[in-house]
Each structure stands twice: as C-alpha cells, then as structure tokens.
Amino acid sequence: MKTKNLMKLFLILVATISLSACDEWNNGIERNSTQALCSKIWVETYTTSDHYYCTHKLSFNPQGNGQEIFIYNTLDLNNKPLPTVAKTISYSFTWEWDNDNMECLIMNYGNNDILYFENVWVRNDYLSGKLNGENVTFNNANL
C-alpha cells in the first residue's frame, strides 16, 4: 500500500515538473523579444506590379531606431532580376512594442506617418505578421 502511494506521489511530481517546464518553454523561448527582433536584418523579396524585383529589408536596434530599405532590380524577359539596381529607397523610423505582450510594433516614420506591424512572430530565422494591413514574412538575411 505504501509503495502504491509513493508511486502515485512520484508520478504526480513528474507530471507537475513536466507541465511547469512546458509553461516555461511557451513563455520563454517561444515569446517575442527585443533581442530576437534586433539581432538580424530581415528581408523579403517579391515582384512588383510595375515589373521590378524588390528586395525589402527591415532592421531594428534595441535603442528604438530602425531602417527600411527597398532595392528594385529590373526584370529580364524571363522575369528574372538583372544584377543592376534600378533604384533604392530608404526610410528611417523609431519603433516600440505596443505593450508587454510584444505582438505589435509601432513604427513611426515622422510627420504622422505611423505603421503598425501586428500579430508579430519573431523566430530564429523569420519575422512575420501583418504590416500595415498586409500579411508579410521576412527571413533572416544571413541565410
């Protein structure tokens, strides 16, 4: 009888430790952080409606400043980007998390030009969410 009670107690203890480890994992590793956001240059590529191949880069620093760069290459007849850059547009902004949940970035470009990056997910090699109403996924530029 004592052995059964000890075994039950042991199983309850193991289950409790396992559940608390999962909770820590969900609230630690899987949670967005300023360090994860600021440790990489984020990039996405796409073809524009006016037939350019665009490389869109975002970078954030922990002090609350950031830069957004658009690099446009002309496409050849096979819709492949040519190596020559047609134009580059760069913007500076300040940024902050909307609240402690770290799921929304407020990006202020000045002159009342503010973008919201909502439903933000920062993971090892990608940054995704809804940027100014459009679903986007950026990858780690070092990949």
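This is a short walk through some paired strands of the structure above and one asparagine in strand 3. Please keep in mind that the model is predicted.

Let us begin with strand 5, which covers residues 105–108, and strand 6, which covers residues 114–122. These two run antiparallel and are joined by four bridges. To see one pair of partners, find leucine 105 and look across to phenylalanine 117 in strand 6. The two strands form a hairpin, with five residues between them. Within that turn, glycine 110 has a positive phi of about 90 degrees.

Follow the chain onward and strand 6 meets its other neighbour here, strand 7. Again the strands run antiparallel, and again four bridges join them. Valine 122 stands opposite leucine 127 in strand 7, and three residues lie between the two strands of this hairpin.

Now move along to the next hairpin. Strand 7 takes in residues 126–131 and is joined to strand 8 by six bridges, with the strands running antiparallel. If you place your finger on glycine 129, you will find valine 136 of strand 8 opposite. This hairpin has two residues between its strands, and asparagine 132 takes a positive phi near 55 degrees there.

Strand 8, residues 134–140, also pairs with strand 1, residues 41–47. Their pairing is antiparallel and rests on two bridges. Tryptophan 42 has asparagine 140 in strand 8 as its bridge partner.

With those strands in view, turn to strand 3, which spans residues 65–75 and holds asparagine 73. Is asparagine 73 buried or exposed? Its relative accessible area is 9%, and because buried means under 20%, asparagine 73 counts as buried.

What does the side chain of asparagine 73 reach? One answer is the backbone oxygen of threonine 84, at 3.3 Å. The backbone oxygen of leucine 82 is another, lying 2.9 Å from a polar atom of the asparagine 73 side chain. Both leucine 82 and threonine 84 also appear among the residues that asparagine 73 touches. Leaving aside residues up to four places away in sequence, those contacts include Pro81, Pro83, Val85 and Ala86, and also Tyr52 and Tyr53.

To retrace the route on the structure, start at the hairpin of strand 5 and strand 6, go on through the hairpin of strand 6 and strand 7, and continue into the hairpin of strand 7 and strand 8. From strand 8, cross to strand 1, and finish at asparagine 73 in strand 3.

Conventions. Residues are numbered from 1 along each chain as its sequence is written. This is a predicted model: local features need pLDDT of at least 70, side-chain atom pairs count only at pLDDT 80 or more; totals for chains, interfaces and linings use all residues. Side-chain values use heavy atoms; hydrogens and water are left out. Buried means under 20% relative accessible area, exposed over 50%, partly exposed in between (1.4 Å probe, protein chains only). A polar contact is a pair of N or O atoms within 3.5 Å; within protein, one must be able to donate a hydrogen and the other to accept it, and residues adjacent in sequence count only if both atoms are side-chain atoms. Contact means heavy atoms within 4.5 Å. Two strands pair if DSSP finds at least two bridges between them.
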